[in-house]
Amino acid sequence: MTQEELLEQIYKKDGKAFTALYDMYSKSLYGVIFNLLKDKEESEDVLQDVFVKIWKNIESYNEGKGRFFTWILNIARNASIDRLRSKGHNNSKKNLSADNFVHILDYNTTATNKIDAIGIREFINKLKPKCIRLIDLLFFKGYTQQEASDELEIPLGTVKTQNRNCIGELRTILQE
Amino acid sequence: MDTTEYITSGTLEFYVYGLLSEQENVEVNEMAQKHESVKAEILSIEKAVINLSHGISPHLSAENYEKIRQKLIEKHNGVVQMQPKRSMNPYIGWAAAVVLMFGLAFQYYKYNEVTKEVEAVNVQKSKFEQLLASTEQKNAEAEKALAIIRDNASTTVALAGQEIAPKAYAKVYVNKTKNEIYVDVSGLPKAPAGKVYQVWALKLDPLTPTSIGVIGDATTQNGIFKVENNETAQAFGITLEPAGGSPTPTLEQLYALGKV
């Protein structure tokens, strides 16, 4: 199902729309949330809140603002960061950058996921470490161009293009 | 702006990440609407990052869906319509709905059929009722005619066909006891449209005709009509006259004539 088809279902108040929404995006958002919180229960709790929020505010989304996925990605990142703050975590983003999404693979302990994890690890290993860092900060953690430039000590003007090259790599790997 | 340059600038990745300002978002939206290649690039970037985050995501227990469902139902009871996920119930529900639908359709079909039958029977019934009524009416008329003819006090005057219709005939029944006169016109040809038969009582010397009745529609009354009594009549005649009758008989149209 495409984003457009999903939205059409949602606007029609189709009873199956929520299930479709959940099926399409729950794992992606859980990946993003877990990458920030590093705690299974906490992350599941935030994920639940995020889906409630999405569903409750779905009327306020409009396609002129950007992609639907971008809209829910922002909700997920913001909810996770709010949770970190409420738990007394230091809200400086510095703390967030210590780990990246590759480390999540170490958390995967269930049997079925171990196999998946091996596959995904192989796949991610094809990405350059610099790309993992860039995609982690910009996509997963929502760092601004400036913040990423400071964190990774790369020139501000090259953040966008370097990130583009990394996504290019990712796309190539995905097509293999 | 050149689309290739636009695409390679890295802005579209930031667009998908949600890192652009509102103003920049509007620009990207416009570009995506104008250029198919820009739109395709956005979709491709989105697909890549969804795949990546999906791929690295830890196992997500199935209870999660149910928990969210519960939260939505508790907090927004009645506002959100949701279905339990992957349970058999919906299938059973659908199956029941389908069976019910067929059942209803069949009942409706049967109902229609029976209704049609009832209608058909009703139509037949009213036909029979009409038939019965007209038969009874005919019967009553026939009995009445027979009574008139059989009555011992009745004298019959035969009226013979005249020049204009030699084969025609009519009969007049005079009942001196009851002072009634009946005319049987069933032997006359059917009166043409706009014309009627008029019955005259005649005194012969000198010839004096007196109208004793106009016969409107001969087909409805079994051919026998009651006309006015006339005690002095020596003969009876029947002429064809314009509708409504005439003050004096049109002798050229004399159909039947007979002496008492």
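## The sheet in chain B

Strand β2(B) is joined to β3 (residues 180-184) of chain B by five bridges, and the two run antiparallel. A quick word on terms: strands pair here if DSSP finds at least two bridges between them, and helices (H or I, at least four residues) and strands (E, at least two) are DSSP runs, numbered from the N terminus. This is a predicted model, so local features need pLDDT of at least 70 and side-chain atom pairs count only at pLDDT 80 or more, while totals for chains, interfaces and linings use all residues. Residues are numbered from 1 along each chain as its sequence is written, with chains lettered from A and ligands numbered from 1 in the order in which they are written.

Back to the hairpin: β2(B) and β3(B) have four residues between them, and B:N179 in the turn has a positive phi of about 55 degrees. B:N175 stands opposite B:E180 in β3(B), and B:N175 is also the bridge partner of B:S154. That second pairing belongs to β1(B) and β2(B), which run antiparallel and are joined by seven bridges. Five of the seven residues of β2(B) are buried (20 or more other C-beta atoms within 10 Å of a residue's own; exposed means 12 or fewer, partly exposed in between, with C-beta atoms placed from the backbone). That is why β2(B) is largely enclosed by the rest of the structure.

## The whole sheet

Zoom out and you get an open sheet of eight strands in chain B, ordered β5-β4-β7-β8-β1-β2-β3-β6, with antiparallel pairing. At the edges stand β5 (208-215) and β6 (224-227) of chain B, each with a single partner strand, so one side of each has no neighbour in the sheet. The twist averages 25 degrees from one strand to the next, using axes that are lines fitted to C-alpha atoms (for helices, over the stretch in contact) and angles from 0 to 180 degrees between N-to-C directions.

For edge strand β5(B), the link is to β4 (residues 195-203) of chain B: seven bridges, running antiparallel. Within that pairing, B:Q198 has B:V214 in β5(B) as its bridge partner.

## A loop residue with distant company

B:I164 sits in the loop between β1 (154-161) and β2 (169-175) of chain B. With 14 other C-beta atoms within 10 Å, B:I164 counts as partly exposed. Leaving out residues up to four places away in sequence, B:I164 touches B:Q253, B:L254 and B:Y255; contact here means C-beta atoms, placed from the backbone, within 7 Å. B:I164 and B:Q253 are 89 residues apart along the chain, yet their C-alpha atoms are separated by 6.8 Å.

## Helices in chain A

Chain A has nine helices and zero strands. Of its 176 residues, 36% count as buried. Among contacts in chain A with a separation of 6 or more, 55% come from residues 24 or more positions apart.

Helix α4 (residues 68-86) of chain A has 19 residues, which at 1.5 Å a residue should span 27 Å, and the end C-alpha atoms are indeed 27 Å apart. The expected span is 1.5 Å times one less than the number of residues. For the 18 residues of α3(A), the expected 26 Å agrees with the 25 Å between the end C-alpha atoms. Buried residues of α3(A) include A:V46, A:L47, A:V50 and A:F51, while those of α4(A) include A:F68, A:I72, A:A76 and A:R77. The buried residues of α4(A) pack against α1 (3-11), α2 (17-37) and α3 (40-57) of chain A, together with α2 and α4 of chain B. Just after α4(A), A:G88 takes a positive phi of about 85 degrees.

## Cores and the chain contact

The largest nonpolar core has 61 residues, and A:L29, A:I33, A:V50, A:I72, A:A76 and A:L138 have the most contacts inside it. Such a core is a set of buried Ala, Val, Leu, Ile, Met, Phe, Trp, Tyr and Cys residues joined through C-beta atoms within 7 Å. The biggest contributor to this core is α2(A), with 13 residues. Neighbours within four places aside, A:I72 is in contact with A:Y25, A:L29 and A:I54. Apart from this core lies another, of 22 residues, among them B:V172, B:A201, B:V227 and B:Y255.

As for where the chains meet, the contact takes 43 residues from chain B and 51 residues from chain A. On the chain B side, α2 (11-17), α3 (22-34), α4 (36-56) and α5 (63-75) of chain B are the elements giving two or more residues. The largest share of that side, 13 residues, comes from α4(B).

Note on methods:
Two residues are in contact if their C-beta atoms, placed from the backbone, lie within 7 Å.
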